Structures are given as structure tokens and as C-alpha cells.
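User: Hi! I have a new model open on my screen and would like to learn how to read it, feature by feature. Could you take me through it?

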Amino acid sequence: KDFRNDVKPNWCPGCGDFSVQAAIQRAAANLGLEPHELAVISGIGCSGRISGYIHSYGFHGTHGRVLPLAQGVKMANRDLTVIAAGGDGDGFAIGMGHTVHAIRRNIDITYIVMDNQIYGLTKGQTSPRSAAGFQTKSTPHGSIEPALSPLEIALSAGATFVAQGFSSDLKELTSLIEEGVKHKGFAFINVFSPCVTYNKVNTYEWFKERLVKVSDIEGYDPANREMAMQTVMKYDGLVTGVIYQNEEQKSYQELVPGYSAAPLAEADLKLDKEQFEQLVSEFM
Ligand code: SF4
């Protein structure tokens, strides 16, 4: 299956988002999906362009609202594999309310955050993921606020799947996305995706010197939530792999009474013309 299309990405050469695009395309192919079985929903930011660069259904939504859209798509048509994607500004600033509640709601979708610790599209301002002391146009004397920790927040919010990848490790990233899609529930995947143009601190080299794979930690058990939280805190969030997975927790869909009926997208609404027009008028 080929998930490439004819649209040439206009990301800067070397941007980490290229790898995320490739990893989604490879994961979808490895999972045996057809393009019409995949929907990629994205937010606003450089990363938000990704839905236009993959041969599948796609929707480029509004800033911070990728998760309401993606959850709606999945609830309307459960037969689609839904991947939501956006940046750290999109998901952890304006969209943070949605992120936390989508995590605890546990609808069966995969959410990939392209975390470059800066706002790239607007030419380099401090984001919620920028470290204290980080200097940008918006914080010329260095950021006073500490960076938030997405993995700790996801674990605290009751996530059933938490993973972290790095754009420089396409093999691991592809595997994480495959695992996330296969997970029956909400899969949260944070990806260190360097912004080579505006973030001169958190570079590929910076990450290569620091990142630790949880699979290399002796005795690491991704089913152990307490161990996951302690490990994330010990390594200051600089770990990759499947950090935590709870395979016992039922997804939102499995808990909704009556959801075993036909997908909403295929439901016979049995509306006559008058009822249909009435329904439409309510949305005008
Ligand atoms: Fe990527 Fe940064 Fe360029 Fe945006 S500005 S495309 S995040 S390298």
C-alpha cells in the first residue's frame, strides 16, 4: 500500500516532521491498511500540515482542536483508523484541556505530538515545552516558566498507552505508531521532532546524547504505571519506547451502551424529506 501523495511538503530541510510523516506511512502499510481505511486529522502549526501529505482521508483542523475532531470522526465511523497529529503548542497550550480529557476518555485513536519545544510556524516563540531559561523572541531574557512534562501528565490523566519516539530513529518510531494503532484505546505518542530552523538548543545531537530507550533499562516493565512514572521523572522525560500500556482497561467505545450497532456513518436515520430539512435547519 502506498500512503504517499503528490503534495511536496514545505517543511524546512531537516525538519523532524518528515520522519513522522514517513513513520505514519510505513506503519499504515505494515498494518495492512488501505488509504481509505485511514484518517489523519491535524491541528495548526508546521506539524499540522501533515494531514495533507499522506494519501488517506485527512482534515486540517483549527488550532488546538485536533482531538475533538479526531474523536468525532472515530465515533461516527469506527471502521476508520484515526490518527490525530499536531505540535506541542497545539496540544499542550491551547489544546491541553482537550488532550487531558481525551486521554482519560480513552477513545480508540492514536495521538502523535510532534514536540519541537518551540512555535515554528510563527517563527520561533517559547512553547509550553520550552525549558526554563530558553531564549526566543518572546522570552529574550530566557523563559521563566519550566517546561511541562507530557509523559507525566499523560500517566497522571489515566492514559492506557504512553510512548515516546525520536525523529532520528525511524524504525522505533514506526514500531511505536504500529503499537499505538493496535492498542484498544487512546494511544498517546510524544515525538521529539527537532525544529532545525528556530530551536538551536534541542537539536538532533542534543537528543542523541541524552535519550535512553526504556527497553535498555534492566527490569523495565511497561505494564507497571508506578515504574513508568518513576522512570520518566528519573530521566527528566528523556526516554523512548513504550513507556506504559494497560491492556486491561476497556476503551470508551466498549463501554458506551448500544455502541455495538452500526457505525453512525452507516446508520439508517430513516428521515423523510421534512424531517431531514428540520434537522439541517437546526444547524443553520
Ligand atoms: Fe520544521 Fe521548524 Fe521549519 Fe517548522 S520552522 S518546518 S518546525 S524546521
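Analyst: Happy to. Let's start with contacts: two residues are in contact if their C-beta atoms, placed from the backbone, lie within 7 Å. In this predicted model, Leu67, Pro68 and Gln71 of helix 2 meet His98, Thr99 and Ala102 of helix 4. By class, that contact has three nonpolar, three polar and no charged residues.

User: At what angle do the axes of helix 2 and helix 4 cross?

Analyst: The general idea is that two packed helices are described by the angle between their axes and the distance between the axes. Here the axes of helix 2 (residues 66–76) and helix 4 (residues 96–105) cross at roughly 35° and come within 8 Å.

User: Before we go further, what pLDDT does the protein average?

Analyst: A good thing to ask of a model. Where pLDDT is low, the predicted coordinates should not be read in detail. This protein averages a pLDDT of 95, and 99% of the residues score at least 70. For the complex, the predictor gives an ipTM of 0.99 and a pTM of 0.94.

User: Which residues are around the ligand?

Analyst: They are Trp11, Cys12, Cys15, Asp17, Cys46, Asn116, Gly120, Leu121, Cys195, Val196, Thr197 and Tyr198. Sorted by class, this shell has eight nonpolar, three polar and one charged residues.

User: Asp17 is in that list. Which residues of helix 1 are buried?

Analyst: Burial is a matter of counting: a residue is buried if 20 or more other C-beta atoms lie within 10 Å of its own, and exposed if 12 or fewer do. In helix 1, the buried residues are Asp17, Ser19, Val20, Gln21, Ala23, Ile24, Gln25, Ala27 and Ala28. As you look along the helix, keep in mind that an α-helix has 3.6 residues a turn, so residues three or four places apart point the same way.

User: What covers the buried residues of helix 1?

Analyst: The cover includes strand 1 (38–42), strand 3 (81–87), strand 4 (110–115), helix 6 (170–182) and strand 6 (187–192).

User: How far apart are the end C-alpha atoms of helix 1, and what span should its residues give?

Analyst: Take 1.5 Å a residue for the rise. Helix 1 has 14 residues (17–30) and should therefore span 20 Å; its end C-alpha atoms are 20 Å apart, which agrees. After helix 1 comes Gly32, with a positive phi near 75°.

User: Which residues have a positive phi although they are not glycines?

Analyst: Lys123 is one, with a phi of about 75°, and Asp236 is another, at about 55°. Lys123 sits in the loop between strand 4 and helix 5, while Asp236 is in the loop between helix 8 (225–234) and strand 8 (239–245). Lys123 counts as exposed because it has 11 C-beta neighbours inside 10 Å. Asp236 also counts as exposed, with 11 such neighbours inside 10 Å.

User: Now Asp108: is it buried or exposed?

Analyst: Asp108 is buried, because 21 other C-beta atoms lie within 10 Å. Its place is the loop between helix 4 and strand 4. Leaving aside neighbours within four places in sequence, Asp108 is in contact with Lys74, Lys184, Gly185, Ser251 and Gln253. Gln71, which we met in the contact of helix 2 with helix 4, is 37 residues from Asp108 in sequence, yet the two are 8.3 Å apart, C-alpha to C-alpha.

User: And where is Pro222, and what does it touch?

Analyst: Pro222 lies in the loop between strand 7 (212–213) and helix 8. With 20 C-beta neighbours inside 10 Å, Pro222 counts as buried. Not counting residues up to four places away in sequence, Pro222 touches Val214, Ala228, Val242, Ile243, Tyr244 and Gln245. The C-alpha atoms of Pro222 and Ile243, 21 residues apart along the chain, are separated by 5.4 Å.

User: One last residue: why is Ile153 called partly exposed?

Analyst: Its count falls in between the two cut-offs, because Ile153 has 18 other C-beta atoms within 10 Å. Ile153 lies in helix 5 (residues 150–156) and touches Val100 and Leu148, not counting residues up to four places away in sequence. Thr99 is 54 residues from Ile153 along the chain, and their C-alpha atoms are separated by 9.7 Å.

Conventions: Residues are numbered from 1 along each chain as its sequence is written. This is a predicted model: local features need pLDDT of at least 70, side-chain atom pairs count only at pLDDT 80 or more; totals for chains, interfaces and linings use all residues. A residue is near a molecule or strand if its C-beta atom, placed from the backbone, lies within 6 Å of it. Ala, Val, Leu, Ile, Met, Phe, Trp, Tyr, Cys and Pro count as nonpolar, Asp, Glu, Lys and Arg as charged, and the others, Gly among them, as polar. pLDDT is the predictor's confidence in each residue, from 0 to 100. Helices (H or I, at least four residues) and strands (E, at least two) are DSSP runs, numbered from the N terminus. The expected span of a helix is 1.5 Å times one less than its number of residues. Axes are lines fitted to C-alpha atoms, for helices over the stretch in contact, and angles run from 0 to 180 degrees between N-to-C directions.
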